[in-house]
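Here's a small problem set to work through with the model open in your viewer. Try each task before you read its solution.

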Amino acid sequence: MIRHILTDGMDEFDLTRLDVYRSRGGYEALAKALRTMSPDDVVNEVKVSNLRGRGGAGAGTHFKWSTLPNDGRPRYLILNGDESEPGSFSGRMLVQKNPHLIIEGALLAAYACKMARIFLYLRGEFHEGAEVMARAVGAAREAGLVGDRILGSDFSVEFVVHRGAGAYICGEETAIMESLEGKRGHPRTKPPFPTAAGLYGMPTVIQNVETVANLAPIVANGGAWFAGIGPAKSPGTKICSISGRVRRPGNYEIEMGTPLRELLEEHAGGLEPGHALKFILPAGASSALVLPSQLDTPLDFDSMTAIRSMLGSAGMLVCDDRDCAVHVAYLGARFYHHESCGKCTPCREGTGWTEKVLHRMEHGEGRPGDTKRLSDLCAGIGGRKCLCLLGDFSVTYLESALRAFREEFVAHEAGGPCPVAHAALEVSAR
Amino acid sequence: MSSTPPGAAAPAPPPSTVACTINGRPHTFPRGTLIVDAVRQVGHPIPYYCYHPKLAPVGACRVCMVQVEGPPVAARGPIVTTGCTTPVFEGLKIETMSEPAKLARRQVLQFLLINHPLDCPVCDKGGECDLQDFTLGYGPGVSEFAEPKVLRRKAADLGPFLVLDQERCIMCQRCVRYESEVLGEQNLVLKERGDRTVIDTGQGEPYAGYFSGNNTELCPVGALTSRTYRFKARPWDVRPVASVCQGCSLGCNVTAQTRAGRIVRLMLRDNPAVDGGWLCDRGRYGFGHSASPDRLTAPLVRRDGRLVPASWDEAMAAAAGGLRRAGGAAVLGGARLTDEEAVLLAELTRVALRTNDVDWRVGRQRFAAPEAVGARGAAIADLDGADLVVLADTCLVEEAPVLEIRLRRAASRRTAVLDVGPVRNFRIGRSTRVPCPPDGLAAALASLGPKVAAAARPVVIWNGRGSEDVAEAVRALGAPVLVPGEWSNARGAEKAGLVPDALPGYHALDDAAPVEAAWGASVPRHPGRDARAILEAAAAGSIGGLYLVGANPLRTFPDGGLAAAALDKVPFLVVQDLFMTEAAAAADVVLPATGPLEKAGHVTNLAGNRQTLAAVAAGPGGARSDGDIFHALAAACGVALTGRAPEVATEPVRRVLTPGGGPPAGPGGGALRLLLRTRLYAGGGTTAFDPNLAPLREDAVLRLHPRDAAAAGLEDGGAAYVKGGGSTLTAAVRVDPDVDAGHAELPAHGFGPTRLGAWVDVQPAPAEALPGRAAAIAAVSAR
Ligand SMILES: Cc1cc2nc3c(=O)[nH]c(=O)nc-3n(C[C@H](O)[C@H](O)[C@H](O)COP(=O)(O)O)c2cc1C
Ligand code: SF4
Ligand code: SF4
Ligand code: SF4
Ligand code: FES
């Protein structure tokens with residue numbers, strides 16, 4: 001039985017319209033919270049729900065909220081809709097097709113944590129999403145759902161929609177704050193953590209858009225209901241974006257704990273006929289490869305971590321026997337070289353060096369020692385030596401590719417045409 | 001989020017020190033000490049680039065890696081982390097030389113070098129470069145990088161003083177952080193992303209601020225370099241000498257470096273009590289006058305209407321003879337001397353020339369030490385803790401630039417700034433304006449009495465201009481006062497008695513005994529005349545000779561018409577200076593002196609700090625120090641100077657400030673009230689003759705409010721005629737909303753503004769009409 005919490009009705013109805021959303025029970029959770037629950041009651045339901053952040057790290061949402069200091073300073077909520085991970089496009093879908101679910105969830109979070117203002121940070125390229133969101137916020141404001149004295153209660157909060165300028169790093173939780181403040185998207189050192197000193201120095205909670213989209217259902221049905229879906233430690237559903245060498249690429253909302261094989265074979269229609277799975281990058285370019293032997297791994301935070309990969313934002317890139325590991329590695333390296341913010345040395349210089357080596361290998365100019373050089377580069381960049389996690393992301397997939405397909409890399413050291421049959425990897429969305 | 005139940009004992013405050021181990025040995029540090037500082041203190045330094053003690057840590061370069069183990073990361077076992085962003089914790093085990101730490105640093109250094117041009121042989125920083133030093137100490141011996149490097153701009157022109165080599169930049173961001181954290185400016189920014197990132201000015205325009213040079217010392221590599229020092233010397237063949245900048249009355253501490261007797265650069269010499277470790281560009285780069293080919297190199301004597309070279313003996317005889325003719329002599333200037341020289345000049349004036357007609361105040365400043373008018377002096381560091389600072393029509397960034405940095409920092413924390421006057425004086429940082437007309441300063445200050453009284457640690461900054469009513473208003477505020485001077489050693493001159501109504505050591509004229517005892521000679525008791533009265537007497541033909549010591553009243557005296565008449569009428573004029581100023585061109589005897597970088601002695605800064613000046617460079621062959629000239633001139637008068645400074649009076653004579661001799665007040669012909677204000681790069685002293693500062697010279701820049709500009713049909717960047725007092729000046733126009741409407745601001749020490757009178761009219765002028773300095777000098781010297 002597939003449960004749809006976040007995408008329910010999304011394909012059949014135009015949920016971007018406030019009246020449609022409301023006719024299906026929308027904003028009733030908000031009304032319920034404002035009329036019958038204290039902020040602490042909402043916090044408690046979230047605690048009971050065991051909700052974990054969908055932005056990648058799977059941090060406990062209640063835990064994050066509990067670190068907010070109680071010192072009277074204004075608090076801010078940032079909704080992270082930067083979604084720049086290659087192969088991740090679930091947030092874009094939610095933003096474009098179910099904006100009120102995000103808004104309602106954000107309002108609930110703001111009510112629970114007594115936030116002064118909500119900022120939705122959208123990836124710069126999300127033209128359409130920004131328009132949909134602006135319209136939805138406008139409609140909600142007109143209906144008394146955003147702004148002063150929401151639904152006649154004492155609760156007031158503003159909702160700001162902000163479009164970035166198109167940078168992967170601006171999804172990182174401190175760079176997003178710098179960017180919102182009008183500065184370069186550069187990560188800050190931590191501590192202080194955002195909940196202590198975040199946006200404009202104020203306590204700030206940063207939450208992925210999909211994370212907050214879960215809040216209305218949790219408040220409506222109770223935290224215990226949510227906690228009962230999927231694995232106890234990683235409950236709920238997850239919208240997985242799957243693309244690459246599959247027959248039905250797209251977004252699929254699955255129950256946490258669903259085996260990867262089921263997502264691949266049943267939802268995404270399996271591989272193209274006549275081809276065999278080579279590997280999957282389960283969290284876009286930032287995770288270790290999942291090999292065919294690991295296909296039965298349940299899709300939840302802990303199970304994926306247990307196989308030394310991660311669920312992350314569940315942007316799954318599927319590669320089959322036509323895909324050369326060096327080619328895929330080169331595409332990743334190009335991405336990281338392009339996206340490194342340049343603030344810290346290992347990532348700034350290392351990603352460029354890595355791309356240059358892989359560029360040569362990919363273009364028939366490999367040299368003896370290149371494979372070892374790549375391993376050394378991974379060691380120089382990785383291991384938490386960088387200022388933010390982007391640096392580590394940039395080597396995680398590469399290290400695992402070097403482990404699993406070392407012979408392909410070594411083969412490229414000889415130069416000449418690619419010894420592995422391959423065609424361009426296409427990343428496409430539904 | 002636990003709360004203490006009422007009545008329960010409050011938890012003990014965490015101890016103020018923490019104990020940890022560094023390379024196996026126990027140490028204790030104040031809580032919050034960063035590892036990078038802790039390890040250095042105990043002799044296990046680690047390399048660092050982005051960290052700088054004066055900037056907030058950012059953890060960008062990642063070269064300061066150390067290994068740490070213990071709380072709060074005990075569970076993870078030893079890890080390497082950045083020492084500049086991690087404070088010491090109780091029980092932390094820090095290893096600076098463990099293999100993982102050494103490896104991490106080596107990797108970072110290797111990364112830093114891959115796109116570096118490695119052009120050390122032609123790099124100014126070679127020999128004092130942190131990239132060289134740390135690579136040698138901690139880096140890999142060989143680079144494994146065999147790919148093409150990222151290419152960038154090699155000698156990017158960032159304006160008058162800075163040249164940037166973008167390829168040498170290691171992206172530590174010290175420069176951009178200094179700009180924003182220390183200056184509150186953004187003259188340098190980062191552009192592009194990743195390994196394409198470069199440092200640049202915002203739109204590629206020339207660097208606009210007054211403090212660009214500090215970047216060249218913050219930059220750990222040879223990326224940001226000084227134009228004046230490019231390819232001039234190597235650190236190992238320069239001779240460093242500690243001295244003090246005399247660009248203004250703050251007296252920032254410098255290390256001057258010379259090569260073969262020529263100054264190649266000035267560098268900061270951190271004195272927390274004075275400069276806080278910064279220099280302004282005027283100070284840092286304004287050494288070019290020392291070796292200028294325009295320096296006066298031999299005494300000149302007027303013969304047949306022309307100034308011709310003479311021997312020192314001839315010049316001294318001529319000067320002594322001329323100054324002692326009927327009508328007596330008067331002395332103007334002396335606020336650029338050393339303390340010792342100022343005393344010599346006082347002795348020369350009183351004992352050899354037998355007069356009290358002496359005044360250093362050839363500009364607008366009326367007093368130098370707060371105590372001299374009965375106010376209390378403040379220390380420079382008082383600004384740091386001040387809760388309220390009153391800027392009494394004083395513009396620090398123009399008058400004592402590095403002090404402005406301190407005020408900006410204070411204002412960015414808790415200090416409230418009240419900016420009083422007809423122009424916004426404090427432009428960067430929070431402040432409240434208290435607008436007032438130029439003659440309404442006393443009333444405006446008086447209105448602030450309750451605010452100052454309510455403040456816990458107020459400081460008043462007043463440049464000592466105006467007359468007794470302003471002094472009274474400042475006194476009445478009761479707060480400690482800082483007095484930025486119009487000249488570098490105004491305070492020394494005042495203390496030495498280069499005023500008509502007090503003797504050295506602030507002894508009253510009728511308290512001359514200690515002075516006479518020190519000098520072994522009697523001094524005249526009748527009060528002398530101040531600068532205005534002296535100039536009036538000279539213009540009236542009743543003074544026999546005028547001796548200008550490092551002074552050019554044609555530019556600095558607020559009533560330029562009077563100064564011109566005085567110099568025109570006085571029968572005999574002696575000018576002692578470094579350059580052929582407008583006044584020197586009019587003199588009968590010109591005496592070439594050495595400059596502030598060429599003589600030793602002491603100087604007293606605006607807060608009374610007595611500092612030591614060193615002879616850094618030799619100066620041109622024929623020039624002599626002011627002190628030597630005073631001795632020789634006195635000898636030519638038959639007097640041997642003792643140079644002894646009398647003890648300071650236990651009760652300094654309280655002086656009353658007569659009006660400063662400004663232009664005639666009250667409504668005049670024009671529509672706009674003229675404001676003469678100090679501008680850093682205007683002036684006729686060394687600035688006008690310093691090739692390094694030439695691009696920034698602004699002798700004739702008119703600033704006025706957009707409304708007034710529009711009414712007069714003037715555009716920003718255009719030219720204007722400024723008319724008043726029967727005189728016309730051509731000036732470049734800056735439209736500036738920070739000048740209150742109804743006012744026209746001109747640089748006080750520019751040539752011409754002081755002849756305009758109090759009220760002026762402005763009208764558009766053709767761009768070609770803008771003045772050249774040469775023309776101005778020619779106009780005066782054709783006498
Ligand atoms: C380089 C980098 C990029 C990231 N990009 C995103 C992103 O696009 N969207 C997102 O929600 N989280 C992103 N994250 C994770 C955020 O830092 C943060 O953990 C997350 O927004 C927290 O929300 P959650 O607790 O709801 O998951 C990124 C992290 C890094 C290091
Ligand atoms: S790891 Fe990369 S993205 Fe993160 S701060 Fe360093 S350079 Fe920027
Ligand atoms: S120019 Fe110098 S100070 Fe600025 S970032 Fe580059 S290396 Fe650092
Ligand atoms: S502030 Fe004054 S003393 Fe200091 S460097 Fe500048 S000119 Fe020299
Ligand atoms: S000095 Fe510590 S990261 Fe740069």
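## Exercise 1: a sheet in chain A

Thr237(A) stands opposite Glu255(A) in S6(A). Keep in mind that we're working with a predicted model.

**Task.** Starting from that pair, work out which strands of chain A make up the sheet and which of them are edge strands.

**Solution.**
- Step 1: S5(A) covers residues 237-244 and pairs with S6(A) in the antiparallel sense, over six bridges.
- Step 2: Now follow the sheet across. Four strands line up in the order S6-S5-S8-S7, the sheet is open, and the pairing is mixed.
- Step 3: The edges are S6(A), residues 250-255, and S7(A), residues 277-285; each of them pairs on one side only.
- Step 4: For the geometry, ignore direction and average over neighbouring strands: they are turned by 30° against each other.

## Exercise 2: a sheet in chain B

**Task.** Find what order the strands S11, S12 and S13 of chain B take in their sheet, and explain why one side of each edge strand has no neighbour there.

**Solution.**
- Step 1: The order is S11-S12-S13, in an open sheet with antiparallel pairing.
- Step 2: S11(B) (239-244) and S13(B) (262-268) stand at the edges with a single partner strand each, so one side of each is left without a neighbour in the sheet.
- Step 3: Here too, neighbouring strands are turned by 30° against each other on average, direction ignored.
- Step 4: Zoom in on S12(B), residues 253-259, which pairs with S13(B) in the antiparallel sense over six bridges. Within that pairing, Ala256(B) sits opposite Leu266(B).

## Exercise 3: backbone oddities

**Task.** Which peptide bonds around Pro191(A) are cis? And where do Glu83(A) and Tyr506(B), with their positive phi values, lie?

**Solution.**
- Step 1: Check omega going into Pro191(A). The bond from Lys190(A) to Pro191(A) is cis, with omega about -5°.
- Step 2: Do it again one bond on. From Pro191(A) to Pro192(A) the peptide bond is cis as well, omega being near 0°.
- Step 3: Place them. Pro191(A) is in the loop between helix H8 (175-180) and strand S4 (204-208) of chain A, and Pro192(A) is in the loop between H8 and S4 of chain A too.
- Step 4: Move on to phi. Glu83(A) has a phi near 25°, positive although the residue isn't glycine. Its place is the loop between strand S1 (76-81) and helix H5 (90-97) of chain A.
- Step 5: Tyr506(B), another non-glycine residue, has phi near 60°. Look for Tyr506(B) in the loop between helix H15 (490-495) and helix H16 (513-519) of chain B.

## Exercise 4: buried or exposed?

**Task.** Decide whether Glu83(A), Tyr506(B) and Leu15(A) are buried or exposed.

**Solution.**
- Step 1: Fix the cut-off: 20 or more other C-beta atoms within 10 Å makes a residue buried.
- Step 2: Glu83(A) has 28 such atoms within 10 Å, so Glu83(A) is buried.
- Step 3: Tyr506(B) has 24 C-beta neighbours inside 10 Å and therefore counts as buried.
- Step 4: Leu15(A) has 23 other C-beta atoms within 10 Å, so Leu15(A) is buried. Leu15(A) lies in the segment before helix H1 (18-23) of chain A.
- Step 5: See what Leu15(A) touches. Beyond four places in sequence, the partners include Gly9(A), Val20(A), Tyr21(A), Lys97(A) and His100(A).

## Exercise 5: ligand shells and the chain contact

**Task.** Which residues come nearest to ligand 2 and ligand 3, and what does chain B bring to its contact with chain A?

**Solution.**
- Step 1: Ligand 2 has 14 residues around it, and those that come nearest are Cys341(A), Cys344(A), Cys347(A), Cys388(A) and Gly391(A). Helices H15 (345-362) and H17 (389-404) of chain A each give two or more residues to this shell.
- Step 2: Sort the ligand 2 shell by class: nine nonpolar, three polar and two charged.
- Step 3: Ligand 3 also has 14 residues around it; nearest come Cys169(B), Cys172(B), Cys175(B), Cys219(B) and Ala223(B). The classes in the ligand 3 shell are twelve nonpolar, one polar and one charged.
- Step 4: For the chain contact, count 26 residues from chain B and 25 from chain A. Strand S4 (79-82) and helix H2 (99-114) of chain B are the elements giving two or more residues to chain B's side, and H2(B) gives the most, with six.
- Step 5: Chain B's side divides into 16 nonpolar, six polar and four charged residues.

Notes: Residues numbered from 1 in each chain as written. Chains lettered and ligands numbered in written order. Predicted model: local features only at pLDDT ≥ 70, side-chain atom pairs only at ≥ 80, totals over all residues. Contact = placed C-beta atoms within 7 Å. Nonpolar A, V, L, I, M, F, W, Y, C, P; charged D, E, K, R; others polar. Near = placed C-beta within 6 Å. Pairing = 2+ DSSP bridges. Axes fitted to C-alpha atoms, helices over the stretch in contact; angles between N-to-C directions. Buried ≥ 20, exposed ≤ 12 C-beta atoms within 10 Å, placed from the backbone.
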